[in-house]
Amino acid sequence: MLKVTRMIEAELRERMRLEWDITLPRFDVMAALRRSEEGMKMSDLSGVLRVSNGNVTGIVDRLVSDELVERRAVEGDRRAMRVVLTERGRTQFDQMAAVHEVWVDELLSPIGAQGLATVHSRLGRIAEKAEDDT
């Protein structure tokens, strides 16, 4: 399972690099922000992505320089910053996400829709059990 996951991830990374000159971590940050209209605090973004604050900071810095996201002060907390997709970032992400979905469907097509539903269901059960055990 890990081998297949890594192969699919490597293929997606390469396609994203070639198509949009973007990394998968940058795409992941934009995806998390797209799900949150009001944006996210840097610490929350780190938690959602399960990476360190330092990793998120570097990725956000690059997205800011590309004018895809912006940092905003958090009212009442001088140390915290909220990250929000810009209009350009939303437009670009929506275009990338549509193509990304087609790529994922293509890469998973050998198991078919029913096979994918079965895998999804069974992996969901494993995840639930793991969460219950913690």
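Me: Buried means under 20% relative accessible area, exposed over 50%, partly exposed in between (1.4 Å probe, protein chains only). So how many residues of helix 6 are buried?

Reply: The number is 0 of 22, so helix 6 lies largely in the open. Helices (H or I, at least four residues) and strands (E, at least two) are DSSP runs, numbered from the N terminus. This is a predicted model: local features need pLDDT of at least 70, side-chain atom pairs count only at pLDDT 80 or more, and totals for chains, interfaces and linings use all residues. Residues are numbered from 1 along each chain as its sequence is written, and side-chain values use heavy atoms, without hydrogens or water.

Me: What span does helix 6 have?

Reply: Residues 112–133 reach 32 Å from first C-alpha to last, close to the 32 Å expected (1.5 Å times one less than the number of residues).

Me: Helix 4, then. Which residues are buried there?

Reply: Val56, Gly58, Ile59, Val60 and Leu63. They pack against helix 2, helix 3, strand 2 and strand 3, contact being heavy atoms within 4.5 Å.

Me: What follows helix 4?

Reply: Glutamate 67, with a positive phi near 60°.

Me: Switching topic: how many aromatic pairs?

Reply: The structure has 2. Rings of Phe, Tyr and Trp (its six-membered ring) pair if their centres lie within 6.5 Å; planes under 30 degrees apart count as stacked, over 60 as edge-to-face and the rest as tilted. Tryptophan 20 and tryptophan 103 have ring centres 5.1 Å apart and planes at 40°, so this pair is tilted.

Me: Is tryptophan 103 buried or exposed?

Reply: Buried, at 11% relative accessible area. Tryptophan 20, at 21%, is partly exposed.
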